[in-house]
Amino acid sequence: MSRSAIAFLLGLMLSATVSAAPGWGVEVHDRLVVPSGAPTKTVAITLDACGGAFDASLIETLVNLRVPATVFVTKKWLDHNPTGTAVLLAHPDLFELEDHGTSHVPAVIGKGRRVYGIAAEPDAAHLEEEVTGAAQVIRSLTGHAPAFFRGATAIYDAQSMQIIRSMGYQVAGFSVNADAGASLSEAQISARLRAVQPGDIVIAHMNKPAGATAEAFAATLPSLLDRGYRFVTLSGVRLQPA
Ligand SMILES: [Zn+2]
């Protein structure tokens with residue numbers, strides 16, 4: 001078997017292990033196109049705020065280290081976390097707010113479909129409302145319309161991706177699932193963060209302060225900075241399929 005065939009098969013096996021998508025869905029994986037002239041060890045941190053609470057400790061670590069992040073917020077999270085929202089808005093140089101939906105309904109279409117147990121959108125109109133409801137709040141808070149959308153669970157189908165893109169949004173994928181919904185231990189999250197590669201897009205969660213995400217970032221980010229890694233938000237870079 002040729003080397004390229006082996007690489008292709010390995011890629012299939014890897015994508016099969018990292019993707020939890022059902023057969024009709026796809027988990028979008030992207031990496032950064034690092035612009036020429038930029039530090040080669042460039043990584044983007046993306047933090048989802050699905051619902052739930054505000055992980056003040058995680059955000060405090062990023063502020064103290066001057067590490068920027070792209071924060072995917074739902075309207076639901078913004079409505080219930082005015083203090084956390086104010087902290088994010090107080091640091092527009094560090095935190096970019098992007099669209100994670102209105103009510104955190106997965107961006108897949110079809111009655112009876114469920115992703116991780118959460119019911120999908122019944123039709124296209126509901127998906128459009130999921131996208132625009134959060135976008136309107138983000139625009140009223142920041143003065144900027146979001147450019148990126150990440151659906152709840154980060155699983156999509158062909159129709160939903162076509163609709164989201166036709167509305168003018170880029171679907172924001174990722175390449176390193178750092179905390180698996182803030183369900184991993186500090187050691188597990190730290191191991192995944194220590195293993196980042198130039199161009200990676202990290203996904204983690206800033207809505208579950210009881211998890212170990214904040215502790216792992218506090219333990220790991222200083223060493224990544226020492227190793228020469230620099231962090232960007234998504235609006236400053238281009239994405240390419242991973
Ligand atoms: Zn989410």
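**Briefing: a cavity, a zinc site and two helix residues**

β3 (42–49) and α8 (213–226) each supply at least two residues to the lining of the largest cavity. The model is a predicted one. Three protein residues, C50, H100 and H104, act as donors to a zinc ion. Two further residues, T61 in helix α2 and L89 in helix α4, are covered at the end.

**Cavity**

- Searching the whole structure turns up one cavity of 30 Å³ or more.
- The volume of the largest cavity is about 30 Å³.
- Its lining consists of V43, I45, L193, V196, V202, F217, L221, L224 and F231.
- Helix α8 makes the biggest contribution to this lining, with three residues.
- By class, the lining has nine nonpolar residues, no polar ones and no charged ones.

**Zinc site**

- The donor atoms are SG of C50, NE2 of H100 and NE2 of H104.
- These atoms lie 2.1 to 2.2 Å from the zinc ion.
- Along the sequence, the donor residues follow the spacing C-x49-H-x3-H.
- C50 and H100 link distant parts of the chain, 50 residues apart.
- C50 sits in the loop between β3 and α2 (56–65), while H100 sits in the loop between β5 (95–99) and β6 (114–115).
- C50 has a relative accessibility of 10%, so this residue counts as buried.
- H100 is buried as well, because its relative accessible area is 1%; the cut-off for buried is under 20%.

**T61 in helix α2**

- T61 belongs to helix α2.
- T61 counts as buried because its relative accessibility is 13%.
- Leaving aside residues up to four places away in sequence, T61 touches F217, A218 and L221.
- Two of these contacts, F217 and L221, also appear in the lining of the largest cavity.

**L89 in helix α4**

- L89 lies in helix α4, which spans residues 82–89.
- L89 has a relative accessibility of 30%, so this residue counts as partly exposed.
- Partly exposed covers the range between the buried limit of 20% and the exposed limit of 50%.
- With residues up to four places away in sequence left out, L89 touches L97, L141 and T142.
- L89 and L141 are 52 residues apart along the chain, and their C-alpha atoms are separated by 7.9 Å.

Terms used: Residues are numbered from 1 along each chain as its sequence is written. This is a predicted model: local features need pLDDT of at least 70, side-chain atom pairs count only at pLDDT 80 or more; totals for chains, interfaces and linings use all residues. Side-chain values use heavy atoms; hydrogens and water are left out. On a 1 Å grid over the protein atoms alone, a cavity is a set of points where a 1.4 Å probe fits but cannot get out, and a pocket is an open set with protein on both sides within 12 Å along at least five of seven lines; lining residues have an atom within 4 Å of a point. Grid points are joined across faces, edges and corners, and a volume is the space filled by probe spheres set on the points. Helices (H or I, at least four residues) and strands (E, at least two) are DSSP runs, numbered from the N terminus. Ala, Val, Leu, Ile, Met, Phe, Trp, Tyr, Cys and Pro count as nonpolar, Asp, Glu, Lys and Arg as charged, and the others, Gly among them, as polar. Donors are N, O and S atoms within 2.8 Å of the metal (3.2 Å for Na, K and Ca); water is not among the atoms, so sites may look incomplete. Buried means under 20% relative accessible area, exposed over 50%, partly exposed in between (1.4 Å probe, protein chains only). Contact means heavy atoms within 4.5 Å.
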